[in-house]
Amino acid sequence: MIRIAGLFTAFAILASASLSPASAEDKTITVFAAASMKNALDEVDAAYTAKTGVKFSVSYAASSVLAKQIEQGAPADVFVSADTDWMDYAASKKTINEPSRVNLLGNSIVLIAPKDSKVDNVTIAQGFDLAKLAGDGKIATGDVKSVPVGKYAKAALEKLGAWQAAEPKFAMAESVRAALTLVARGEAALGIVYSTDAKVEPGVKIVGTFPADSHPAIIYPVAATTTAKPETNDYLAFLRSTAAKTILEKYGFKFLVSPTT
């Protein structure tokens with residue numbers, strides 16, 4: 001009996017030992033984030049994985065697409081939107097944990113052209129002629145009806161009196177990164193994207209910056225979903241940390257919260 005009990009104890013120890021690594025490996029946080037966050041958030045997530053061992057599954061797309069996917073039951077733990085409208089939408093559908101929501105980042109929108117374009121140093125102000133500037137070419141941005149960058153772009157152009165003439169020249173893309181690619185490939189003469197996008201694409205150059213008062217403030221809220229795993233809270237705290245701030249600011253984002261250590 002003693003021998004059998006000993007064998008049973010040894011088996012139990014081996015079984016628990018074999019289970020522990022598996023449970024650690026199972027720790028994965030699923031993040032749905034605005035397309036413009038890709039380069040910066042990939043680096044933030046890598047830093048968090050190095051610190052904790054927690055891994056990530058990240059889907060990058062237009063905030064509009066992500067909010068609706070979460071509404072339809074897509075398994076996400078975190079939602080990062082490029083505007084407050086789509087986070088408000090998620091809140092109205094009760095798919096995010098409202099107390100976890102924080103306005104994390106700010107950004108700006110810029111006018112870009114292909115790297116070898118003759119267009120340069122555009123003064124973006126009241127009455128500037130974007131349509132004339134584009135010539136026979138297209139102007140790329142996100143869909144102005146739903147994609148945050150497109151909504152910001154249209155608001156700015158309307159305020160500056162440039163929308164009506166330029167509207168027929170617009171090529172509406174599914175996300176800001178899709179618009180960025182159109183310009184980088186020379187398939188669009190100009191584009192309106194976030195300054196952070198222009199910084200990571202060597203095929204384009206910034207030719208002008210839209211005045212901050214020409215459009216609603218560009219705010220990136222982040223929140224846990226209502227189905228988020230317990231470890232999500234620690235990750236959200238990391239996004240507000242000094243370490244995350246250093247990375248995000250390197251990519252050109254403006255940190256809107258007081259960082260934690």
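Biologist: In this predicted model, which residue in S8 is the bridge partner of Ala 140?

Modeller: The partner of Ala 140 in S8 is Gly 191.

Biologist: What makes S6 and S8 a pair?

Modeller: Two strands count as paired if there are at least two bridges between them. S6 and S8 have two bridges, so they meet that cut-off. Their pairing is in the parallel sense.

Biologist: And what makes strand S6 (residues 139–142) and strand S7 (residues 170–173) a pair?

Modeller: Same kind of check. The cut-off is at least two bridges, and S6 and S7 have four, again in the parallel sense. Therefore they count as paired. One of the partnerships is Ile 139 with Phe 170 in S7.

Biologist: How many bridges join strand S1 (residues 28–34) to strand S2 (residues 55–61)?

Modeller: Seven bridges, and the two strands run parallel. You can look at two spots along them: Thr 30 has Ser 57 in S2 as its bridge partner, and Phe 32 stands opposite Ser 59 in S2.

Biologist: What does the chain pass through on its way from S1 to S2, and why is the crossover given its hand?

Modeller: After the bridges that join S1 and S2, follow the route itself: the chain goes from S1 through helix H2 (residues 38–52) to S2, a β-α-β crossover. Point the strands away from you; if the path over the helix runs clockwise, the crossover is called right-handed. This one is right-handed.

Biologist: In what order do the strands of the six-stranded open sheet come?

Modeller: The order is S2-S1-S3-S10-S4-S11, with mixed pairing.

Biologist: Why are S2 and strand S11 (254–255) said to stand at the edges?

Modeller: Each has a single partner strand, so one side of S2 and one side of S11 has no neighbour in the sheet.

Biologist: Let's turn to the annotated residues. Where does UniProt place the feature "binding site"?

Modeller: The unreviewed UniProt entry puts it at Ser 36, Ser 63, Val 176 and Tyr 194. These are spread over 159 residues of sequence, yet they cluster in space, with a largest C-alpha distance of 14.0 Å. Ser 36, Ser 63, Val 176 and Tyr 194 also belong to the lining of the largest cavity.

Biologist: How many cavities of 30 Å³ or more does the structure hold?

Modeller: One. The largest cavity has a volume of about 50 Å³. It is lined by 13 residues, and the closest to its centre are Ala 35, Ala 62, Val 147, Pro 148 and Val 176.

Biologist: Why is Val 176 called buried?

Modeller: Buried means under 20% relative accessible area. Val 176 has 5%, so it counts as buried. Val 176 sits in helix H8 (residues 176–184). Leaving aside neighbours within four places in sequence, its contacts include Ala 35, Ser 36 and Tyr 194.

Biologist: How do you know whether Tyr 194 is buried or exposed?

Modeller: Put its value against that under-20% cut-off: Tyr 194 has a relative accessible area of 1%, so it is buried. Tyr 194 is found in strand S8 (residues 190–194). Beyond its neighbours within four places in sequence, Tyr 194 is in contact with several residues, among them Ser 36, Asn 107, Tyr 152, Val 176 and Tyr 220.

Biologist: What is said of Lys 94: is it buried or exposed?

Modeller: Exposed means over 50%. Lys 94 has 67% relative accessibility, so it counts as exposed. It lies in the loop between helix H4 (84–92) and strand S4 (102–106). Lys 94 also has a positive phi of about 60 degrees, although it is not a glycine.

Biologist: And what about Asn 121, buried or exposed?

Modeller: At 68%, Asn 121 is past the over-50% cut-off, so it is exposed. Asn 121 lies in the loop between strand S5 (109–114) and helix H5 (130–134). Its phi is positive too, about 45 degrees, although Asn 121 is not a glycine.

Biologist: Back to the whole protein chain: how many helices and strands are there?

Modeller: There are 11 helices and 11 strands. Of the 261 residues in the protein chain, 46% are buried. The C-alpha atoms fill a box of roughly 90 × 40 × 35 Å along the principal axes.

Conventions. Residues are numbered from 1 along each chain as its sequence is written. This is a predicted model: local features need pLDDT of at least 70, side-chain atom pairs count only at pLDDT 80 or more; totals for chains, interfaces and linings use all residues. Side-chain values use heavy atoms; hydrogens and water are left out. UniProt positions are given in the numbering used here, feature names are shortened, and annotations may be inferred rather than shown by experiment. On a 1 Å grid over the protein atoms alone, a cavity is a set of points where a 1.4 Å probe fits but cannot get out, and a pocket is an open set with protein on both sides within 12 Å along at least five of seven lines; lining residues have an atom within 4 Å of a point. Buried means under 20% relative accessible area, exposed over 50%, partly exposed in between (1.4 Å probe, protein chains only). Contact means heavy atoms within 4.5 Å. Grid points are joined across faces, edges and corners, and a volume is the space filled by probe spheres set on the points.
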